[in-house]
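Trainee: Could we go through this model together, term by term? I would like to see how each label is earned.

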Amino acid sequence: MDLITTTADLAAACTRLAQHPVITVDTEFLRETTYYPLLCVVQIASPEEAVVIDALAEGIDLKPFFALMADEKVLKVFHAARQDIEIIWHRAGLLPHPIFDTQVAAMVLGYGDSIAYDQLVERITGHRPDKTHRFTDWSRRPLSKEQIHYAVSDVTHLRDVFTALDADLKRRKRSDWVSEEMDVLTSPRTYDFHPERAWERLKTRVRKPKELAVLMEVAAWREQEAQSRDVPRSRVMKDDAVGDIATHAPTTLERLGSLRSLPKGFERSKWGADIIAAVQRGLARDLAALPKIEKPRNNSNGAAIVELLKVLLRMTSERHAVASKVIATVDDLEQIAADDNADVAALHGWRRELFGEAALALKHGRLALAIEKGRVVRVDRGG
């Protein structure tokens with residue numbers, strides 16, 4: 001099929017696609033060498049046609065595509081939508097709405113945690129997708145016929161996957177469960193990465209308020225630097241180096257140069273002084289105004305409660321055919337073990353009904369777990 005390379009052809013295609021209540025959408029992008037993903041190709045299908053758009057074609061204006069993404073009369077179906085939506089948010093400042101994510105729907109219907117697209121297609125349609133071009137360089141031109149065929153098949157198979165999952169959700173009365181997740185995926189907060197919140201993404205463990213203050217400032221500096229240069233965060237500075245700086249808080253270039261996690265001579269680069277300034281800003285912060293550092297929940301009783309909750313979660317997941325990951329995370333379980341009123345998804349909405357109430361009952365002895373005929377079962381103890 002022909003590739004759409006002009007704004008006029010794109011506008012005409014989007015007008016046709018907008019006549020349908022449901023379309024399937026996928027994107028091909030690169031982000032290995034940039035901070036922001038580089039949108040290369042967009043593919044869209046309705047029940048009547050499939051189109052492939054060259055997002056890098058000279059002079060093409062993607063406004064008709066973005067308008068279609070914002071059209072409230074058209075449901076946009078993606079698989080693992082987060083990165084596709086992030087690209088549209090960055091390029092156009094809008095979030096596609098309404099949307100349906102087949103990966104989330106599959107989790108709600110018991111297909112396992114974060115099932116891959118090709119596996120889901122095979123399980124639902126029996127067709128095994130061609131994975132040859134999954135890791136191709138989509139920025140190179142011209143695109144081959146094989147690449148275009150691969151791009152088209154992504155959205156045509158997605159039509160069949162959506163039809164099957166949507167019918168199953170309605171039959172099992174779980175459509176609302178997916179809708180709750182779509183609210184998160186279409187929230188600006190999900191994609192708005194302000195530098196001052198960059199520290200939240202780091203897995204670095206800090207134990208003292210002073211370390212947290214420095215971590216916040218250095219992580220914010222790295223985020224701003226990565227954004228302004230449009231390079232990956234790790235190209236500016238590795239995560240372990242950010243954590244190392246937070247722990248040691250070097251206030252001189254000499255001390256900065258002594259950190260093993262930084263490349264030799266880094267302190268003499270143009271960023272050395274910037275990092276020292278960030279450290280000093282961190283040390284000057286009001287420690288009382290910082291977020292509280294969660295202390296490790298390492299008491300044996302709390303750990304035992306979490307292990308019991310994990311068993312209950314696995315039982316609930318299997319009994320209701322819902323991926324455990326979509327019901328609760330290990331962090332959720334740890335918070336529930338520590339606090340009955342923890343602000344976690346597992347204690348709200350359908351998750352509370354399915355698992356949260358039972359988790360609290362287990363924690364307080366109103367519910368017990370026992371082994372019967374080689375299977376773990378729930379025993380209601382009342383009270």
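Mentor: Gladly! Five strands form an open sheet in the order β3-β2-β1-β4-β5, with mixed pairing. This is a predicted model, where local features need pLDDT of at least 70, side-chain atom pairs count only at pLDDT 80 or more, and totals for chains, interfaces and linings use all residues. Residues are numbered from 1 along each chain as its sequence is written, and side-chain values use heavy atoms, with hydrogens and water left out.

Trainee: What makes β3 and β5 the edge strands?

Mentor: Each of them, β3 (50-54) and β5 (99-101), pairs on one side only. From one strand to the next, the twist averages 25°.

Trainee: How do you know that β1 and β2 pair?

Mentor: Two strands pair if DSSP finds at least two bridges between them. Strand β1 (residues 22-30) and strand β2 (residues 38-45) have seven bridges, in the antiparallel sense, so they meet that definition. Strands themselves are DSSP runs of E with at least two residues, and helices are runs of H or I with at least four, numbered from the N terminus. Across from β1, Val-25 stands opposite Ile-44 in β2, and Glu-28 stands opposite Val-41.

Trainee: What stands opposite Val-41 in β3?

Mentor: That is Asp-54. Five bridges join β2 to β3, which run antiparallel, and a hairpin of four residues links the two strands.

Trainee: Why is β2 called mostly covered?

Mentor: Buried means under 20% relative accessible area, exposed means over 50%, and partly exposed lies in between (1.4 Å probe, protein chains only). Seven of the eight residues of β2 are buried, so the strand is described as mostly covered.

Trainee: Now the helices. Why is α16 called oblique to α17?

Mentor: Helix α16 (residues 330-338) and helix α17 (residues 349-363) pack at an angle of about 45°, with axes 10 Å apart. Angles under 35 degrees count as roughly parallel, over 145 as roughly antiparallel, 65 to 115 as roughly perpendicular and the rest as oblique. The angle of about 45° therefore makes α16 oblique to α17.

Trainee: Which residues make the contact?

Mentor: With contact meaning heavy atoms within 4.5 Å, α16 offers Leu-333, Ile-336, Ala-337 and Ala-338, while α17 offers Phe-355, Ala-359, Leu-360 and Lys-363.

Trainee: What about β6 and β7?

Mentor: Six bridges join strand β6 (residues 367-372) to strand β7 (residues 375-380), and the two run antiparallel. They form a hairpin with two residues between them, and Lys-373 in the turn has a positive phi of about 50°.

Note on methods:
Axes fitted to C-alpha atoms, helices over the stretch in contact; angles between N-to-C directions.
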